[in-house]
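Reader: I am in my first year and still learning to look at models of this kind. Please take me slowly through one part, the packing of the helices, and explain each term as you come to it.

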Amino acid sequence: MDAIALLKADHKAVEEKFTMFGTLGSRAFKAKAKIVTDVITALIKHAAIEEAVFYPEARQRLQDSGYLVLEALEEHHIVKWTLSELDHMSPTDERFDAKFTVLMEIVRHHVREEEKVLFPAVRKAFSKQELDQMGDQLHAAKASAPTHPHPRSPDEPPFNAIAAVVAKPFDAMRDAGEAIVKQVRRASMQS
Ligand SMILES: [Fe+2]
Ligand SMILES: [Fe+2]
């Protein structure tokens, strides 16, 4: 899969979660929490691979249009802060829906700009083979990407790569801990 197709597939998967969130009633706390957890993981991984592979390549090649990448990085920054707050928020909090709604608005704006401006510019500036290779790199980078927001971490090479190596084991430990808590809760409900 080429780089742009892979990133667009990520956008589509997140948009499906957003649409699903919009169909839920105000008291569907469990379902909303699950969607928000899934969106956090998907967006954090997606942002990490764009920042590790796609943006640096695009910025280098696009020259005059490099500001597109700087603006995208600033939008990622806002998204990560909002996700870091949602990551520790209960779905019963009166600000939860409002915060997620604002997140959806920012992400939809960001995705629109990527798909309408940045991606077509990249498609023009890179060969088919280069985009395929970049797609493989993005796919590989996903396996080592963090799964929780770290908005204070660097977002450009080379320091973002170091930050990802540091964050990954902590995120993995947190994910494992949360999975165990869920299993214990489920088991206690069955007994
Ligand atoms: Fe992005
Ligand atoms: Fe994106």
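Author: An axis here is a line fitted to C-alpha atoms, for a helix over the stretch in contact, and an angle between two axes is taken between their N-to-C directions and runs from 0 to 180 degrees. The helices themselves are DSSP runs of H or I with at least four residues (strands would be E runs of at least two), numbered from the N terminus. What you see is a predicted model, in which local features need pLDDT of at least 70 and side-chain atom pairs count only at pLDDT 80 or more, whereas totals for chains, interfaces and linings use all residues. Residues are numbered from 1 along each chain as its sequence is written, while chains are lettered from A and ligands numbered from 1 in the order in which they are written.

Let us start with helix 2 and helix 4, whose axes lie 12 Å apart and pack at an angle of about 30 degrees. Helix 2 and helix 4 are therefore roughly parallel to each other, a label kept for angles under 35 degrees, whereas those over 145 are roughly antiparallel, those from 65 to 115 roughly perpendicular and the rest oblique. The crossing of helix 2 with helix 4 is left-handed, which is the word used when the near helix is turned anticlockwise from the far one by less than a right angle, a clockwise turn being right-handed. On the side of helix 2, Val36, Leu43, Ala58, Arg61 and Leu62 meet Phe100, Val107, Leu118, Ala121, Val122 and Ala125 of helix 4, where contact asks that two C-beta atoms, placed from the backbone, lie within 7 Å. Sorted by class, this contact between helix 2 and helix 4 holds 10 nonpolar residues, no polar ones and 1 charged one; Ala, Val, Leu, Ile, Met, Phe, Trp, Tyr, Cys and Pro count as nonpolar, Asp, Glu, Lys and Arg as charged, and the others, Gly among them, as polar.

Val107 deserves a pause, and you will find Val107 within helix 4, which spans residues 96–125. Val107 is buried, because 23 other C-beta atoms lie within 10 Å, and the cut-offs are 20 or more for buried, 12 or fewer for exposed and anything in between for partly exposed, again with C-beta atoms placed from the backbone. If residues up to four places away in sequence are set aside, Val107 touches Val14, Leu43 and Val79.

Leu43 leads us on to the largest nonpolar core, which has 34 residues and in which Leu43 and Phe54 have the most contacts. Such a core is a set of buried Ala, Val, Leu, Ile, Met, Phe, Trp, Tyr and Cys residues joined through C-beta atoms within 7 Å. Helix 1, helix 2, helix 3 (67–86), helix 4 and helix 5 each supply at least two residues of this core, and helix 2 gives the most, with 13 residues. Phe54, apart from its neighbours within four places in sequence, is in contact with Ala3, Leu7, Ile49, Met134 and Leu138.

Those partners invite a look at helix 1. The axes of helix 1 (residues 3–23) and helix 2 (residues 29–62) come within 10 Å and cross at roughly 160 degrees, and the two are therefore roughly antiparallel to each other. Their crossing, too, is left-handed. The residues that make this contact include Ala3, Leu7 and Val14 of helix 1 and Leu43, His46 and Phe54 of helix 2, and by class the contact has 11 nonpolar, 1 polar and 5 charged residues.

With helix 5 (residues 128–143), helix 1 has axes that come within 7 Å and cross at roughly 45 degrees, which makes helix 1 oblique to helix 5. Here Ala3, Ile4, Ala5 and Leu6 of helix 1 meet Leu131, Met134, Gly135, Leu138 and His139 of helix 5, and the residues of this contact divide into 7 nonpolar, 2 polar and no charged.

For contrast, turn to the loops. Ser90 sits in the loop between helix 3 and helix 4 and is exposed, with 8 other C-beta atoms within 10 Å. Thr92 belongs to the loop between helix 3 and helix 4 and is exposed as well, with 10 other C-beta atoms within 10 Å. Pro151, in the loop between helix 5 and helix 6 (159–190), counts as partly exposed, with 15 C-beta neighbours inside 10 Å. Leaving out residues up to four places away in sequence, Pro151 touches His77, Lys80, Trp81 and Ser84.
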